[in-house]
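These are my notebook entries, written while I looked through one protein chain step by step. I wanted to see which parts of the chain are held together and which parts face outward.

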Amino acid sequence: VSKTIGANFTINGDVEVMFLPSLSIVANDVLLQNYVTKDKNYNFYAKSVQINLPFFKFSSSNWIKKIIFSDAIIESYYSLQKPQNRENKFTKRSAQILEDNPHSGGNKSTFDISAKLFSVSEFEPLKINQQNAPAINFINSRVITYNPEHRKTEIEKINLDLTVDKEKILSHGSFRSEKISNDFNLEANFKQTSKTNSSFLELHSPIANITIKGNFLSENKGILKSDFKGKIDAEILELKSFYKGYISNNKAIYGKIKPGVNPIKLSANINNSKREVIIDSLVINSNLVNGSGNIDLDFNSDITIADINLDLKNLDLDNIWSQERIALEKTKDGNSYKKIPDETTESRRKKESKNKGTDLVSALMKDPQNNPIDLNTIKTVRNLDLTSEIKIQNVKFLKGEIKDVDMYLTISKDGELMVLPLTCTLPGNGKLRINGVLANNDDLPRFIGKIDISGDKLSSIFSWVKIESQNLKFNNLKKYI
């Protein structure tokens, strides 16, 4: 097996052959290490792997009936950016196996009866295809992934059944992500020309309900590679948990989203042709945000190309985005965040004076050796894979109204967000323009760029951001730039 897949495969426990209730092979403590694809490394462990076989093999289409993985762990990370201090369930279990079996994988079985009953050549992955693919069952398993910035995402309690053949893919089960339990059901029928929906995906959890219905128009090339036409409906029941569970575990942004945000409903048409996905007629409906838009995705290159256009009528940031400040603390496991209670201007000034130079953002800006920040960064952002144009007629923020927001954004695969530019009208008819880069390669985003602001009533800006003074007559503050 190691030679076939080009990775280190070992069976570190007992191997059993059972004849009742069905013919099967059970291997315990199975370990696969350093399986390398184009840009990723994969590791795999299973407490047990059970392969169910037919008693009589009449053709190559039924040589394996089912494979059951129990307590499996799949780990993946980018080959060029191996995470430092990578400690998780897989690394702990593999280290324990190595300690208990320092010479594991060194012996080969030559038992004659087993060799005649089970031909190793039949287990080569190249001989598995849609015609003879076995049913797959995962029991109490987990997936651990690291993104290019070494952020870990973990999905646990995976219990699923999967069957694949030339005409269809069927799967159902459950999993837990960020302590949120999810149930899903998938049925994909291929080469369908009927007007009625023959395929669907349903995902249900306490924080979201997502349904996709439609038809696969081409033969089975896999879910993403097969042509599909249909509709998606989604209801986000709790935005804060939805962001962390399905989008990102960036703690800084997660900490700023208010809990208990009202539900947001979305609906759109979806069309996938030759790995180019078009999501159009997008409708967003909520008392917090409403509008329309479209999204184009291209999966044909190494880097996914995305184009997002949104035209929003209203966005209520006051009820979405928390105004509480968040502090970054260093811990043994990485960075953690906590909210800082509101303080008066005078008490904050005294504290900042006493702890001058300890603010992390200030430290980042003042330490070019450890945190080099250069405006030339703006010119060197490459490998852009996402562009977005967002227009918002009215934004509620700090109990004021920002109007005519127009943003053009691009995001590189390394996480830098380039604003080219952002313009809007502030309270008091002030004009704001922002150009620059938001470096988002860790949990503390940093902005490098230029901000221009001008208007006829500076007093309106001070009133909006609640700046108070007993010594200044704000009503006399007029033009500013």
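Entry 1, salt bridges between strands. I looked up D406 and found that this residue forms a salt bridge with K391, with the closest N and O atoms 2.9 Å apart. The pair links distant parts of the chain, since D406 sits in strand 20 (residues 400–412) and K391 in strand 19 (residues 384–397), 15 residues apart. I note that the model is a predicted one, and I keep this in mind for every value below. D406 has a relative accessible area of 28% and is therefore partly exposed, and K391, at 35%, also counts as partly exposed.

Entry 2, another pair and a network. K403 forms a salt bridge with E401, and here the closest N and O atoms are 3.1 Å apart. K403, at 38% relative accessibility, counts as partly exposed, and E401 is partly exposed with a relative accessible area of 38%. I also found one network, in which salt bridges that share partners join R142, K152, E154, E156 and R176. The count of salt bridges comes to 11.

Entry 3, a bridge from a helix to a strand. R93 forms a salt bridge with D29, the closest N and O atoms being 3.1 Å apart. Because R93 lies in helix 2 and D29 in strand 3, this pair ties together parts that are 64 residues apart in sequence. I checked the cover of both partners: R93 is partly exposed at 26% relative accessibility, whereas D29 counts as buried at 18%, because buried means under 20%.

Entry 4, helix 2 itself. Which residues of helix 2 are buried? I found F90, T91, S94 and I97. Seen down the axis of helix 2, the buried residues fall within an arc of 130°, so they line one face of the helix. Those buried residues pack against strand 3, strand 4 (40–52), strand 5 (66–78) and strand 6 (135–146). The face turned away from the buried side carries the exposed residues K92 and E99. I also checked the length: the 12 residues of helix 2 (residues 89–100) should span 16 Å at 1.5 Å a residue, and the end C-alpha atoms are 17 Å apart, which agrees.

Entry 5, a patch on the surface. V17, F19, L20 and F55 make a nonpolar surface patch of about 440 Å². L20 is found in the loop between strand 2 (15–18) and strand 3 (24–36), and L20 counts as exposed at 72% relative accessibility.

Note on methods. Residues numbered from 1 in each chain as written. Predicted model: local features only at pLDDT ≥ 70, side-chain atom pairs only at ≥ 80, totals over all residues. Heavy atoms only, no water. Patch = residues over 30% accessible without salt bridge, like charges linked within 9 Å, V, L, I, M, F, W, Y side chains within 5 Å. Areas by Shrake-Rupley, 256 points an atom, 1.4 Å probe, with all protein chains shown as cover. Salt bridge = Lys/Arg side-chain N within 4 Å of Asp/Glu carboxyl O. Helix = DSSP H or I, 4+ residues; strand = E, 2+ residues; numbered from the N terminus. Buried < 20%, exposed > 50% of the residue type's maximum accessible area, 1.4 Å probe, protein only. Expected span 1.5 Å × (residues − 1). Arc of directions from axis to C-beta. Contact = heavy atoms within 4.5 Å.
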